[in-house]
Amino acid sequence: MIVFIHGLLQVPTPHVVAASLPAGETLAPDLPGYGTHVDARDVSLDAAVNQVARVIRAAGAPAHVAGHSVGGAAAMLLAYRHPELVRSVISIEGNFMPADAFWSRSIAGQSETEVEHWLAEQRRDPARWLAAQGIVATPERVVRTAEGLAAQPATSIRAMARSVVRHTFAPEYLQMVQQIISRGTPIHLIAGERSVAGWDVPSWVRDAAASERLVPGVGHLVWLEDAHAAGAAVVAAAALTDARATA
């Protein structure tokens with residue numbers, strides 16, 4: 001089973017991501033503050049970890065936890081706090097160093113009014129937002145982006161951004177990653193070919209990684225540009241861990 005954890009913005013939404021992964025074997029829950037849980041009172045990495053842990057327990061078996069961007073940080077926290085629930089961590093340009101929290105760092109320092117204004121601007125012109133990310137604004141991508149930008153309010157984005165900065169900028173965060181590695185939990189790294197150079201993965205994480213894959217021709221928003229290739233990379237990483245476990 002694969003459980004996908006979305007990033008700071010639900011672009012694209014989890015159901016789009018789940019459609020690129022094995023049917024019946026993938027769960028892609030909305031985190032607190034997003035989608036079906038938009039009214040949650042606690043919007044934070046801690047709340048996200050608690051919710052995903054509940055989802056995995058309800059499914060009845062440990063999961064490969066694939067986290068994109070901010071979701072990668074949530075996946076690491078989950079693996080540290082609940083190792084019995086995690087078969088592997090699949091980090092899709094997940095946060096390791098402060099440089100990786102480029103959106104969170106910017107948004108965390110803004111007021112609610114500023115974030116609301118920013119989000120309203122992106123919702124008015126999703127094609128322009130795509131262009132700013134270096135992505136060709138095809139009709140399908142514009143629709144997916146509009147859906148994703150509508151999936152959470154500015155208050156959720158700001159609260160999650162502040163939580164991400166609080167957790168991942170602390171020295172204890174990388175110490176936690178080291179402990180996950182020392183326990184033997186496989187960590188797989190996936191990045192977009194265009195954005196991998198900006199992913200600040202510590203060399204010791206790369207050295208310990210069970211695998212590292214590039215999704216050709218895409219940037220940080222891998223599922224918007226090539227959902228099939230992104231899904232295939234996640235499936236291959238999970239299969240590698242399963243194969244080694246049965247060897």
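The nonpolar cores and the surroundings of strand β3 are described here for a predicted model.

Strand β3 spans residues 63-68 and is mostly covered, with six of its six residues buried. The side chains alternate between two directions: A63, V65 and G67 point one way from β3, whereas H64, A66 and H68 point the other way. The residues in both sets are buried.

Two strands pair with β3. Strand β1, formed by residues 2-5, runs parallel to β3 and is joined to it by four bridges. Within this pairing, I2 is placed opposite H64 of β3. Strand β4, formed by residues 86-92, is likewise parallel to β3, and six bridges connect these two strands. Here G67 faces S91 of β4. Between β3 and β4 the chain passes through helix α3, and the resulting β-α-β crossover is right-handed.

The largest nonpolar core of the model comprises 55 residues. Helix α3, covering residues 70-81, supplies the largest share of this core, namely eight residues. M76 and M160 are the residues with the most contacts inside the core. When residues up to four places away in sequence are not counted, M76 touches V89 and F96, together with Y173, M176, V177, I180 and I187. Another core, of 19 residues, lies apart from the largest one. Its members include I92, V222, A229 and V234.

Technical notes:
Residues are numbered from 1 along each chain as its sequence is written. This is a predicted model: local features need pLDDT of at least 70, side-chain atom pairs count only at pLDDT 80 or more; totals for chains, interfaces and linings use all residues. Side-chain values use heavy atoms; hydrogens and water are left out. A nonpolar core is a set of buried Ala, Val, Leu, Ile, Met, Phe, Trp, Tyr and Cys residues joined through side-chain atoms within 4.5 Å. Buried means under 20% relative accessible area, exposed over 50%, partly exposed in between (1.4 Å probe, protein chains only). Contact means heavy atoms within 4.5 Å. Two strands pair if DSSP finds at least two bridges between them. A crossover is right-handed if, with the strands pointing away from the viewer, the path from the first strand over the helix to the second runs clockwise.
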